[in-house]
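Could you open the model in your viewer and follow along? We will begin with the whole protein and then select a few elements in turn.

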Amino acid sequence: MVDLDSEVPPLPPRYRFRDLLLGDQGWQSDDRVQVEFYMNENTFKERLKLFFIKNQRSSLRIRLFNFSLKLLSCFLYIVRVLLDDPTQGLGWSPIIWVNRSLPLWGLQVSVALISLFETLLLSYLSYKGNIWEQILRIPFLLEIINAVPFIITIFWPVLRNLFIPVFLNCWLAKHALENMINDLHRAIQRTQSAMFNQVLILISTLLCLIFTCICGIQHLERAGNRLTLFDSLYFCIVTFSTVGFGDVTPKIWPSKLLVVIMICVALVVLPIQFEQLAYLWMERQKSGGNYSRHRAQTEKHVVLCVSSLKIDLLMDFLNEFYAHPRLQDYYVVILCPTEMDAQVRRVLQIPMWSQRVIYLQGSALKDQDLLRAKMDDAEACFILSSRCEVDRTAADHQTILRAWAVKDFAPNCPLYVQILKPENKFHIKFADHVVCEEEFKYAMLALNCICPATSTLITLLVHTSRGQESQQSSEQWQKMYGRCSGNEVYHINLEESTFFAEYEGKSFTYASFHAHKKFGVCLIGVRKEDNKNILLNPGPRYIMSSTDICFYINITKEENSAFKKQEKHRKKHESKLSYHGASRLPVHSIIASMGTVAIDLQDTGCRTSSGPTLALPSEGGKEGRRPSIAPVLEVADSSSLQTCDLLSDQSEDETTPSDDEVSAGLEYAKGYPPYSPYIGSSPTFCHLLHEKVPFCCLRLDKGCQHNYYEDAKAYGFKNKLIIVAAETAGNGLYNFIVPLRAYYRPKKELNPIVLLLDNPLDDLLRCGVTFAANMVVVDKESTMSAEEDYMADAKTIVNVQTLFRLFSSLSIITELTHPANMRFMQFRAKDCYSLALSKLEKKEREKGSNLAFMFRLPFAAGRVFSISMLDTLLYQSFVKDYMISITRLLLGLDTTPGSGFLCSMKITEEDLWIRTYARLYQKLCSSTGDIPIGVYRTESQKLTTSESQISISVEEWEDTKDIKEQISYRNNHRNSTSSDQSDHPLLRRKSMQWARRLSRRVPRHSGKTAEKINQQRMNLYRRSERQELAELVKNRMKHLGLSPAGYDAMNDHQNTLSYILINPSPDTRLELNDIVYLIRPDPLAYVPNTAPSRKDSFCNTVGQDTREETQL
């Protein structure tokens, strides 16, 4: 091998380290040459050019000095005219000769010399090889005309009184003013600067025309009427204004010719100036002008940055932003790169918005546009993504660049950013508040499968409303639903609160129950003063402190509430009730509702999922006595309150795996997912398999070497399926799976999840749609962009409608881009009740409601929602900075130690003994520590359905006629009935009657073949659309080798309506099949510090390992 060190030549002596330290004496004798750069700028001409032209500051001073000289020369001319005597001289001599005093002549000569020297110097410095171009310029010629004659008079004193048209210097002053303004705005290239320049040029041109005409007429009329300056001014104003009184007129032909010339010049020059001004005005209207610095420093404003501004987005933002009283004095500056469309322009011309909304056309990536919007003085900046883009990743990239640009320009401006894809969140981690659309969308879709209508619950909580929607309606459910929709989340300090101040030192559940009982408010969470994390229902062991921030649900915040005490009512009941217990609790903390006299302490142990929901207390006293409920203790007693430790398997089927689970190898462990699909996902404790399943086994429709199943039925799932129809398996799907596999869900309630990337009928049947619990349809990203905005949901709507017609009782949950398209979900053209709800929606919209769509049955039932509704979540965060955190905790996107989670329980017949919502509140607080926040209620609609869903046989028609008439009569009080005659066409009815009579007249002894043919013909004729669809599905199932047994039961569709009651009043009666939304305490917070079992230690080890793997 060649030695590399031997090939490297040694350094020369002057590059040795010793020479670098001690210096090299041979350096001076080196052959190096020192080079000086930019020698061309060291010449005298270049230095003068730098001072007079290139340097902005010095150039501006020179032009300001020149402008002052021209104005001084015009002023000296006026002084000369006022001191002159026009009566001296005869004929044309007053026009040629004037009287000029010696001091005045000296001043004019001095000004002329300075002006001429400056003009020659600037011409020399700007000379570029063409001398005639410099000489023939109009400013240079005017300077020669006005300055050279004065210099000549120095050498020929006889010409000292010669008339020189010094008033023409006004045009040179105008030229100097233009150059001065250009230097002033040379570095600020803005539209309003050009607008200011053009207005200044127009005004200066008009003044120069008038001044020239005044001075010219006055001087020429020295040989005529001998007009004064004021008379000449009067004549010019009357002439240029086209009034023309005629009392002052020129007498000699030179003055008349001057008037004609000036009028012609005005007719040519002024229209050109006005045209340029109008063009710049239109451009300024398009770009929106600017937000002045003075207004930015004296008034408060926020900036809204969007890619394209649509009318729906604008109105949602304005209605939600200005719904808060303290934001009424704020201004909204919209920064958008596109031109304002006609609809937005019309809205912004409304006086209510024109005074508070300013539209600027510009880009957030330009510092000039950010300066126009005064971003550095803004109270906040909202950056919204364009969800209608074909490439949503590209839309996120634009949002990220906007956020970076704003942060670079205004580091102290709070940022509120909306992002579409979860994998792009970490780029904008510096933002104060971030809402990721796909995270919230998939989390709400998942929770809709566990807790029905969670999307509706969240949407109503984040919208601002006073609960006045549909209060004039004749239907009770609309009144209750509309009134409860006004509930929102508010916050207050405990020691400053009337609601919660008396509960200092008490347990959280005690404070929550008694605040609801006394004031009707629902306390859902707290935040300690020294901690930024919000805890939802921290449980009965949490003791309230005076410095805690309380979060509660109510119609309005406490500051806007008035308190009226009912002394008589309270004293009446206090005199009847007493309690002598060891804890010495006050009476009002024990009694849950009026009429509860005796107190029975119940078993407060954690109930199993297989046991009854609410244990009925044992009757130890009188037989006819109403069951009573245990009191909510002020301080939790560990001996009487047993926490629900969901880490330990409590149900029998969980502790002892079944034979099917063992054979299938489905053994679960609790831990953190070992892999995170994107940066920034919150680790969630959930159910995991011990071993990773091979990828080939994940294909449901294809068998592999491990199993041979090709459809969902063959797997024999015990629980019903949850089918997700999506275009692609994106990273956001992680937020759909995790809530369905959360650790607090019992293992026996885990639903299999089937991802359907394409949804033809055969694939739907193979994946088990006939026995699915829920069908989740995700809006297709490829169809979100359309020429007509509202057509972006067309494909999704039609697909869902097809599923609804084929499988009428299937629970379909979907998400749309535009809220207005929710009216097409489960569309029935002849449904009178849907038409009535449509009219109600229009009335609410006319009243200015932000929740006009809330009465649509699919939305009220939680079957559909629009993610654009959650834009208000970002807007509300400006006033309520905790709303995003609370929403993420409710949806399970974030998990804070000690914070509870959202779940639900169903009211069965065994639970109806509880009677009212207040007693339910007490039962839950005293037993498991759960906090109820609302009720999901389903009622029988009892309405005749549309024609497409009715199948009536000929023989049964007469028997069902009376029943239908009774149902129609019974539903008149609901104002929602439709005529029986409209649901069944008269022609078909009479044809069936005729066929029935004809069939009865057929002879008994007819041929068997004829009877068979007639029977088939009648069966085909009697078949309705529903039967045709059913036969189609059954035939496809038989063709695929699937059993159609469960399809008939699936189509027993009953007309029902469902709605949500958020924080209902304590005296609300519970009904059968009500679903109560609960915030359950975190079971991990109360795990005793005992020796863990083998299984628990394994779970903890898995959790620690996976947590380390997911850390970045």
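Accessible areas here come from the Shrake-Rupley method with a 1.4 Å probe. By that method, the accessible surface of the protein comes to about 57500 Å², and carbon and sulfur atoms account for 56% of that surface. Please keep in mind that this is a predicted model.

**Whole protein.** Show the cartoon: there are 41 helices and 21 strands. Of the 1112 residues, 47% are buried. Turn on contacts too, if you like: among those between residues at least 6 apart in sequence, 76% join residues at least 24 apart.

**Strand β5.** Now select residues 415-419, which form strand β5. Are the faces of β5 covered or not? Both are covered: Leu415, Val417 and Ile419 are buried on one side, and Tyr416 and Gln418 are buried on the other. Since buried means under 20% relative accessible area, and five of the five residues of β5 meet that mark, the strand is largely enclosed by the rest of the structure.

**Strand β4 and the crossover.** Add residues 380-383, strand β4, which runs parallel to β5 and is joined to it by three bridges. Pick out Cys381, whose bridge partner in β5 is Leu415. Then add helix α18, residues 392-409, and trace the chain from β4 through this helix to β5. This β-α-β crossover is right-handed.

**Strand β6.** Finally, select residues 433-436, strand β6. Four bridges join β5 to β6, and these two strands run parallel. Which residue of β6 stands opposite Val417? Look for Val434.

Key
Residues are numbered from 1 along each chain as its sequence is written. This is a predicted model: local features need pLDDT of at least 70, side-chain atom pairs count only at pLDDT 80 or more; totals for chains, interfaces and linings use all residues. Side-chain values use heavy atoms; hydrogens and water are left out. Buried means under 20% relative accessible area, exposed over 50%, partly exposed in between (1.4 Å probe, protein chains only). Two strands pair if DSSP finds at least two bridges between them. A crossover is right-handed if, with the strands pointing away from the viewer, the path from the first strand over the helix to the second runs clockwise. Contact means heavy atoms within 4.5 Å.
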